[in-house]
Amino acid sequence: MTLCEGTPKELPMAKTPQSLTGSEIREKFLQFYASKQHKILPSASLVPEDPTVLLTIAGMLPFKPIFLGQQPAPCDRATTSQKCIRTNDIENVGRTARHHTFFEMLGNFSFGDYFKQQAIQWAWELSTEVFCLPPERLVPSVFRDDDEAFAIWRDVIGIPEHRIQRMGEADNFWKSGPTGPCGPCSEIYYDFKPELGDKAIDLEDDSRFIEYYNLVFMQYNRDAEGNLTPLEKQNIDTGLGLERMAQILQQVPNNYETDLILPIIETAAKLAAVDYAKADQTQKVSLKVIGDHVRAVVHMIADGITASNTDRGYVLRRLIRRVVRHGRLLGIDGEFINQVAETAIQLSEQAFPTVREREAAIMAELQREETQFLKTLVKGEERIGIALQVIKQSASLLQKELEKNSELSSAIGDLCARSSPSAFKAISKSALFSEKLGVVAEKQESVVNASQDLQDAVKKLSDLLSKTDLLLKIAESLKPMLQELKQAPKWLPSQFVQDFLVKNTEFFAAVDARKPFETVPGNLPSLFGTYAFTLYDTYGFPLELTQEIAAEQGISVDVEGFEVEMEKQRDRARKAHKSIDLLAQESIEQLAQSLEATEFLGYTDLQSRALIKALLVESTPVERAEVGSAVQIILEQTPFYAESGGQIGDRGYLSGKDLLVQIDDVQKEGNVFIHTGQVERGTLQTESMVNATIDRACRRRVQANHSATHLLQAALKLIVDESISQAGSLVAFDRFRFDFNLNRAVTSEELAQVEAQINTWVAESHLAEIAVMPIDQAKAKGATAMFGEKYGDEVRVIDFPGVSMELCGGTHVHNTAEIGAVKIISEAGISSGVRRIEAVAGPAILDYLQVRDGIVKDLSDRFKAQPEEILERVTKLQAELKATQKALDAAKNELALAKSDQLLAEAETVGDFKVLVANLGDLDPKVLQTAAERLGQKLGESAVVLASTPAEGKVSLVAAFSPQVIKAKGLKAGQFIGAIAKRCGGGGGGRPNLAQAGGRDASQLPEALSAAREALTEALQASQ
């Protein structure tokens, strides 16, 4: 074992901590425990096998099934360096010395072998003899009731009692859940300020102490009543934070300035033209966020995670978007993540070679997400920036108005004081804060049921608000910004005041004290949830990002209001789905729970005798069913395959003496098979025997399609990208589809190669080798598992040797030659990072070709051409049609412009100006604008408003104003036409001289044009 450095002679007992790189720390830790007979195991994926956990969040997670007794241990002792992701403290990343989303946990584990004393002794030996940490700087903690661990630290290690800290259950007791294995912990802390002495040690002081090693003594089992009983096998689970130990040994002020992260930060700083050492605090936070998050996303993508809007894909997308935004805050223009990611890959590739092997996939995913989000970010930042300005200015104006009017301030404060939060919230949503500032308090349930004092307070405030026109003053002051803000410009000021009054009841006392708004603690103005949801729903702006941007401006976000809008959206989605018979489902679930599992015979038998165990008609369990009844049947055993793993259920029939039941579908409820069909002949009864026979032709088709999906996945991995993984599938009688993770489209050349490879394997007649084996053995053999699918201890492996090996419970061909052939029909994206291929195999290809052949014959007859001439004929017709359409449009536009000249005679004279308002029918919006400009030029000093309905339900409007209309009368085409368009359910704007708008309600167009004519006449007549 490496010894510590020599030390100055005047301090012979002191030790100098080893100055080690992150890689050296990792290697020394693993080799130390290897010397203690621990088996070095590789890091598990960030995508855990545990379906209850989204990401690998701790070093012990891969061993959780062992600790819970669900799996046998691979060895008695193990040691690992485990990649971990945690995002629960994401807002602290970059702001504290040691919070991260990605980190490495070095661990040593005992599965029923050694226990407390050896774990503590080795942790102390590693710390003081290998890493050479001075003993006087180390402080251990133990669980308050763990006298055994306390005694080991005191008597075996030699730590003075006053330095061993007893701590409570929240800090020093590990549990896997409310019940199950659990036990006390002992932690080791490093003291950065030993000069403060050890008489008043406070391990909560993060500026002085850092916890770097946690030893978990798993010794109890906790039952439902909370009782603890000793485990037969006591286990050790430890974790030493690599980043924390690097901070200690490299003697830097925080984890980010270690060699594990600092090179990434420096790469980002160079791109931002910032010197990290001289950067201000805000810049350092952004650089640290980039350094941390880039490490995280590189490893996540390397482990097969792709960005999406759900689950771990959303975590990845959120981290990438935070990197992009912090890059913009630093002044980095354009795309930059890939340059920073290259540094992260260089730092990680020695310990985790997969990141370099997956470099192309990592870079492609990052570039795609960054490009997409940069567009979103620009739009979202523009809108949220204006909204935050409006809120801050509203807050300032509100304070000034209330300072001027102490009576109004007092009345609001009085209402806040007299109302419960819920009552005041209800009042604030009443007509009290409507545009007209009126209130009918008696009609508000919350006020009617309240005291007379509260009713009086509401009425008094209503009167005062009406007199002061407070909201109108705020809205008037905010007009310039509101004109820029496209979303809800009318309700923004009033909604702000409502929101602010509800949330800030302490504010009004501060007004009387003439305190600045910003100094009132706990009273931030708030961005309303409705607007935050608009940013999320329309622009893909995550709520967390909105909160982060708002917080930088000293503004909170109404998360409750956001969730209300989100729930409304979920409700709309739920209502969009067709309803299901819940009663029927409940009956089936109850029956399934009371019956034993159905025995499936269909791998070998296509027909069998079976006992009817249960029968349902119209959601109700019955004893018998007559001819014509739609039934659901549960058999004791069956050859019918029940839908699962993407393969649909078998079809066939049940038969007996004078009995025939057509089976159209088979589903699973737990381990019970539900056969759905109709009684065609005779009477069906429970506890009777029937012959169960599947449709062999349908089975052959589905087997061909299912085996073809396995060949398709193998070909995609071979030709397109070896990291491709299945994201879903459908295996039907007439077709199959395969969904897979890939962040780009498969090219037509690649599709052709994939199809050719599959058909080569089909022609080579590969025999299927099907076996049931332990899941560990299957994985060791290299069998592919479907991500997200749950497997038992024993799994079924479908192996076409040299071609494909997968875990699968479906039915398959015995030889690839039985597939016949495979034809890919289409390839397309179905969601972010997920592609779909649809194809047919075997007999279904004949159906597919017959349909296409019929189409080709029909086209040949129509074009009076041979099949091989059709493409050329269609191309020629398209060119002719395009030229004809272009000429027709030109002629139509010329005719429309010529007709528009006839409108010159309809122009009205108003003072020194001409006014023309007209509807030009179905004229194209572009031609409408040309007509307006042309008429305006011919009329001279004039105001022209033209309209058209280019499509059903659509309205197009154009305003063209001459210079004197703008200068002398102050009219602006953009503002004017936007207001007119609102009458038609739309909006728009443009330059003062020319502007265009649109609407969705053509029925209101006559009224809108009439209003435009009146408004222009009135404005141009003024001051004549």
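A residue counts as buried when its relative accessible area is under 20%. By that yardstick, 48% of the 1024 residues in this chain are buried. Keep in mind that you're looking at a predicted model.

**The chain as a whole**

The chain is built with 33 helices and 35 strands. Residues 24 or more positions apart make up 67% of the contacts with a separation of 6 or more. On the outside, the chain exposes about 48,700 Å², and carbon and sulfur atoms supply 49% of that area.

What about the cysteines? Cys84 has a relative accessible area of 0%, so with the cut-off at under 20% it counts as buried. Cys182, at 1% relative accessibility, counts as buried because it also falls under 20%. As for disulfides, a search of the whole structure turns up zero.

**An open space: the second largest pocket**

Rolling a probe the size of a water molecule over the atoms shows where empty space is left. The second largest pocket holds about 1,600 Å³ of space. It is lined by 48 residues, and the closest to its centre are Arg86, Met105, Glu211, Asn214 and Arg244. Elements giving two or more residues to this lining include strand 3 (102–111), strand 7 (180–191), strand 9 (228–241) and helix 6 (242–250). Which element gives the most to the lining of this pocket? That's strand 8, with seven residues. Sorted by class, the pocket lining has 21 nonpolar, 13 polar and 14 charged residues.

**Closed spaces: the cavities**

How many cavities of 30 Å³ or more does a search of the whole structure find? The count is two. Here they are, side by side:

| Cavity | Volume | Lining by class |
|---|---|---|
| Largest cavity | about 90 Å³ | six nonpolar, two polar, three charged residues |
| Second largest cavity | about 50 Å³ | two nonpolar, no polar, five charged residues |

Among the residues lining the largest cavity are Arg26, Phe102, Glu104, Arg295, His299 and Phe352. Strand 3, helix 8 (281–302) and helix 10 (337–348) each give two or more residues to that lining. Helix 10 gives the most, with three residues. Strand 3 may ring a bell, as it also gives two or more residues to the lining of the second largest pocket.

The second largest cavity is lined by Arg318, Arg321, Arg322, Pro542, Glu544, Leu545 and Glu548. At least two residues of this lining come from helix 9 (311–329), and at least two from helix 22 (543–552).

Conventions
Residues are numbered from 1 along each chain as its sequence is written. This is a predicted model: local features need pLDDT of at least 70, side-chain atom pairs count only at pLDDT 80 or more; totals for chains, interfaces and linings use all residues. Side-chain values use heavy atoms; hydrogens and water are left out. Helices (H or I, at least four residues) and strands (E, at least two) are DSSP runs, numbered from the N terminus. Buried means under 20% relative accessible area, exposed over 50%, partly exposed in between (1.4 Å probe, protein chains only). Contact means heavy atoms within 4.5 Å. Accessible areas come from the Shrake-Rupley method with a 1.4 Å probe; for residues, only the protein chains shown count as cover. On a 1 Å grid over the protein atoms alone, a cavity is a set of points where a 1.4 Å probe fits but cannot get out, and a pocket is an open set with protein on both sides within 12 Å along at least five of seven lines; lining residues have an atom within 4 Å of a point. Grid points are joined across faces, edges and corners, and a volume is the space filled by probe spheres set on the points. Ala, Val, Leu, Ile, Met, Phe, Trp, Tyr, Cys and Pro count as nonpolar, Asp, Glu, Lys and Arg as charged, and the others, Gly among them, as polar. A disulfide is a pair of cysteine sulfur atoms within 2.5 Å.
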